[in-house]
Amino acid sequence: MKRTSKQFWLFVVLGIAIYAVIQLLIMNGIIDQFYSNTIIVISINIILAVSLHLIIGITGQFSIGHAGFLAIGAYISAIVTMRLELPFFLAIIIGGIVAALAGLIVGIPSLRLKGDYLAIATLGFAEIIRIVFLNIDYVGGASGMQVDHMTTWTTAFICLAITILVIVNFTNSRHGIASISVRENEIAADAMGINTTYYKVAAFAIGSFFAGVAGALYSHNFYIIQPSQFGFLKSFDILIFVVLGGLGSLSGAVLSAILLTVVSTYLQGYPETRMIIYSLVLIIVMLYRPKGLMGTMEITDYFKMWRTPKGGSQYGK
Amino acid sequence: MEWVQQLINGISLGSIYALIALGYTMVYGIIKLINFAHGDVFMVGSFIGFYSITVFGLGFFPALIISMTVCALFGVLIERIAYKRLRNATRIAALITAIGVSLLIEYGVIYIRGAQSEAYPDFFKKNFELFGVQIGMQSILILSVSVALMIILQYIVHKTKTGKAMRAVSHDTEAAKLMGINVDNTISATFAIGSALAGAAGVIFGVYYTKIDPLMGVIPGVKAFIAAVLGGIGIIPGAMVGGLLLGVIESAVSAIGFSLWRDAAAFVILILILIFRPSGIFGKNAREKV
């Protein structure tokens, strides 16, 4: 599992190039307000998809309450900037940390649960978080909280780059391999001496940290946040990114987040059509490709396959 | 006498949860799938009841029967189209499909008829007094219909051939197959019975709350699942007791002045049960085999 540093630097250069091109286009006014906003939404959705990918795709813990962590990041960061009047970057970090603490609180008791029960419990936790925000007048209750628009392409890109970097490194480290063994067979992993509890909690905490970061960007990209934005549907939206891309494929999660965000931006005027398409996609993908479109493959695996046409690649899979 | 009133409200609400929870518990007991779409079958049942009453001018009981029949067919259809292929799939794939089916039903109904809510016609407005407590006819009706349906269910499960097959399949699918039980038909029968009960719950809910809309199935669906877990999932009497208990607890939470926290209370109960007694009130602990 040794990654060449050449590959790493290639991705860094690619990332900087994407950033620079889009930044130039925004500065020259070629990309207008609407499109630059779409790009920021795409970045936020990629962060959410990648953070949930760590929990579901890598560690195999079926959490469907990701909107709860998003809500915590959104509200905490909004409190930091609007009520305490501290700078935005601090708000992002505090939002992430509080969400990570919530992830620990959810993760520790839910260790005793598996599969379906864990899914329902996380859904329940997310709903409790939403109801708590609904009942606190300090954050505006049901009518919501006003937030200034502070998220720019630069902040969104930096957060996105850090998220992908951390999660790719985690996946390729010893911890990541241990987490994958938990996903493949928890009882066997436990028998091999892997501390399954530790890896599950770690994945929960890291995943919810980045969901909190995404929440901070999310709340400062709109002018108002309301508890109703963080219901079941938001959790399912994020789940669809991961499921469609492939349960265990980071590049799959990124690609499907981009694709589905673009689709849903175009279908904004027809919300019910969008949901019908989403649900049909979910059902059909699960019936015919239960591991998602890309399975556990990454984009780079396809390139390797092309280079070694016969006899399969030496990297396995 | 305020608390007696609240207790009666809680029991009425709880018996609706119990009716939906029966479907969850039966399906989970037989194919180990959380049928997320079950709450939406409940919603469809409510709308079928509504249209039978308003468009076709039927009475309450014919509407109830029609709704139960259509929902039974609908449940079997869902099972045959979406879940049958997933018998041997991973649990995650099955659960995601169920979420997809749930969203498809909700937004399909919105697509067909719009998202606006409807007002259910009033049937049983009369109240009467018993020992100084105002009891609505509706509460009595809900309770008697639920009790009757549960008695019928107990009869089906324990005395009929289908019921015996259901119990056998839920105990050990492979062995049941070897003994000549048609597993596919038994699973379809389970879905039909569970969905019919959800349809009945939908009509009763409409009469009781008078307001229905296409997204109404989500919260009662999740709460009914909580009720099933509370009683011990896969156990039929557990679902009834869990439903009634949850209804009474919710009414108690609203009665002491925390009505906005009512939904949260249900989820707190779920999490506490999952942590301290994952097999529910009536369940026995079973260790997972390697």
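Where is the place of A:Glu85 in chain A? Have a look at the model while you think about that, and please keep in mind that this is a predicted model. Found the residue? The place of A:Glu85 is in the loop between α3, residues 66–83, and α4, residues 88–110, of chain A. Two things are worth pointing out there. The phi angle of A:Glu85 is near 55°, which is a positive value in a residue other than glycine. A:Glu85 also counts as exposed, because its relative accessibility is 65% and the cut-off for exposed is over 50%.

Chain B gives us a residue to set beside that one. B:Lys32 has a phi near 55°, again a positive value in a residue other than glycine. You will find B:Lys32 in the loop between α1 and α2 of chain B, where α2 covers residues 38–54. With a relative accessibility of 40%, B:Lys32 counts as partly exposed.

Now let's move to where the two chains meet. How many residues does the contact take from each chain? Chain B gives 43 residues and chain A gives 38 residues. Between them, chain B and chain A bury about 3,800 Å², and 82% of that is on carbon and sulfur atoms. What about charged pairs across the interface? The rule finds 0 salt bridges between chain B and chain A. The count of residue pairs in polar contact between the two chains, with both residues at pLDDT 80 or more, is 0 as well.

Let's stay with the side of chain B that touches chain A. Four helices of chain B each supply at least two residues to that side: α3 (60–83), α4 (91–113), α9 (218–231) and α11 (262–276). The helix that gives the most is α4 of chain B, with 15 residues. If you sort this side of chain B by class, you get 34 nonpolar, 3 polar and 6 charged residues.

Next, the interior. The largest nonpolar core has 179 residues. Among the residues with the most contacts inside that core are A:Phe62, A:Ile64, B:Ile16 and B:Phe36, so both chains appear in that list. Helix α8 of chain B, residues 183–209, brings the largest share of this core, 15 residues.

Let's zoom in on A:Ile64. Which residues is A:Ile64 in contact with, leaving aside its neighbours within four places in sequence? In chain A, the partners are A:Ala119, A:Thr122, A:Leu123, A:Ser235, A:Phe236 and A:Leu239. In chain B, A:Ile64 is in contact with B:Phe36 and B:Ile99. There is also a second, separate core of 5 residues, which includes A:Ile31, A:Ile39, A:Trp153 and A:Phe157.

Another buried spot is B:Thr25, in helix α1 of chain B, residues 2–31. B:Thr25 counts as buried because its relative accessibility is 0%, and buried means under 20%. Leaving aside neighbours within four places in sequence, B:Thr25 is in contact with B:Ala228, B:Gly232, B:Ile233, B:Gly234, B:Ile235, B:Ile236 and B:Ala239.

Last topic: salt bridges. Side chains of opposite charge can pair when their charged atoms come close. Over all chains, a search of the whole structure finds 12 salt bridges. Here are three to click on.

Start with B:Asp184 and B:Arg87, whose closest N and O atoms are 2.7 Å apart. This pair links distant parts of the chain: B:Asp184 is in helix α8 of chain B, B:Arg87 is in the loop between α3 and α4 of chain B, and they are 97 residues apart. B:Asp184 is partly exposed at 28%, and B:Arg87 is partly exposed at 28% too.

Then there is B:Arg113 with B:Glu118, where the closest N and O atoms are 2.9 Å apart. B:Arg113 is buried, with a relative accessible area of 15%.

The third pair is B:Glu250 and B:Arg262, at 3.5 Å between the closest N and O atoms. B:Glu250 is in helix α10 of chain B, residues 236–255, and B:Arg262 is in helix α11 of chain B, 12 residues apart. Is B:Glu250 buried or exposed? B:Glu250 is buried, with a relative accessible area of 1%, whereas B:Arg262 counts as partly exposed at 28%.

To finish, salt bridges that share partners join B:Glu79, B:Arg80, B:Lys84, B:Arg87 and B:Asp184 into one network. Thanks for listening!

Conventions:
Residues numbered from 1 in each chain as written. Chains lettered and ligands numbered in written order. Predicted model: local features only at pLDDT ≥ 70, side-chain atom pairs only at ≥ 80, totals over all residues. Heavy atoms only, no water. Contact = heavy atoms within 4.5 Å. Buried area = accessible area lost by both parts, 1.4 Å probe. Salt bridge = Lys/Arg side-chain N within 4 Å of Asp/Glu carboxyl O. Polar contact = N/O pair within 3.5 Å; in protein donor to acceptor, adjacent residues only side chain to side chain. Nonpolar A, V, L, I, M, F, W, Y, C, P; charged D, E, K, R; others polar. Core = buried A, V, L, I, M, F, W, Y, C linked by side-chain atoms within 4.5 Å. Buried < 20%, exposed > 50% of the residue type's maximum accessible area, 1.4 Å probe, protein only.
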